[in-house]
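Me: I am new to reading protein models. Please take me through this one, feature by feature.

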Amino acid sequence: MKQVLGLTYVLYDTTDFLPPLSSTDEHRIADLTGTALMHRALVLCEHALAFSTLVPVFLVVALVSLLLARRELQTLFLLIGVLFNEGVNHLLKHWIREPRPAGS
């Protein structure tokens, strides 16, 4: 386990299921506890992209807080739009069901 900025990471050995990016890469994957985030521990780009997948979660929390504080119709419609977009994305993902590309 590793603690960074108050977040706990669990490091896994990935020699069995994840090829290295180069011969010098370590075979470790980081898992942020409490989420479904898993990425290579030492790759900065993957670290940033993994956290960007949590943006909709933070956006919904922020919009609900803003809606409770201000009670504006514009905020309500924005929240409905974000939730609708997430729902459509979820339905399309399960409807299309394409396999992951080889090597990804």
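Me: Which residue follows α2, and what is the sign of its phi?

Reply: First, the general idea: helices (H or I, at least four residues) and strands (E, at least two) are DSSP runs, numbered from the N terminus. Here, α2 is followed by Arg71, and its phi is positive, near 55 degrees. Arg71 is a residue other than glycine. It sits in the loop between α2 (55-70) and α3.

Me: Before we go on, what kind of model is this, and how are residues numbered?

Reply: It is a predicted model: local features need pLDDT of at least 70, side-chain atom pairs count only at pLDDT 80 or more, and totals for chains, interfaces and linings use all residues. Residues are numbered from 1 along each chain as its sequence is written, and side-chain values use heavy atoms, with hydrogens and water left out.

Me: Where is confidence lowest, and where is it highest?

Reply: pLDDT is the predictor's confidence in each residue, from 0 to 100. The protein has a mean pLDDT of 75, and 57% of its residues reach 70 or more. Confidence is lowest in strand β2 (residues 7-13), with a mean of 55. It is highest in helix α3 (residues 73-96), at 94. Over residues 21-25, pLDDT stays under 50. For that stretch the model has 4 contacts beyond four places in sequence. Contact means heavy atoms within 4.5 Å.

Me: Is Arg71 buried or exposed?

Reply: Buried means under 20% relative accessible area, exposed over 50%, and partly exposed in between (1.4 Å probe, protein chains only). Arg71 has a relative accessible area of 69%, so it is exposed.

Me: Which residue takes a positive phi just after α3?

Reply: That is Arg97, with a phi of about 50 degrees. Arg97 too is a residue other than glycine. It belongs to the segment after α3. Its relative accessibility is 66%, so it counts as exposed.

Me: How do I judge the span of a helix?

Reply: The expected span is 1.5 Å times one less than the number of residues. Take α2: it has 16 residues and reaches 22 Å from its first C-alpha to its last, close to the 22 Å expected. Now α3: it has 24 residues and reaches 34 Å between those end atoms, close to the 34 Å expected.

Me: Which residues of α3 are buried?

Reply: Thr75, Leu79 and Val82 are buried. The buried residues of α3 pack against α2. Look at Thr75: its relative accessibility is 5%, so it counts as buried. Leaving out residues up to four places away in sequence, Thr75 touches Leu63, Leu66 and Leu67.

Me: Which residues make the nonpolar surface patch?

Reply: Patches are made of residues with over 30% relative accessible area and no salt bridge (a side-chain nitrogen of Lys or Arg within 4 Å of a carboxyl oxygen of Asp or Glu). Like charges are joined within 9 Å, and nonpolar side chains (Val, Leu, Ile, Met, Phe, Trp, Tyr) within 5 Å. Accessible areas come from the Shrake-Rupley method with a 1.4 Å probe; for residues, only the protein chains shown count as cover. Here, Leu73, Leu76, Phe77 and Ile80 make a patch of about 380 Å². Ile80 is in helix α3. It is partly exposed, with a relative accessible area of 45%.

Me: How many helices and strands does the protein have?

Reply: It has 3 helices and 4 strands. Along the sequence, the pattern is β-β-β-β-α-α-α. Of the 104 residues, 19% count as buried.
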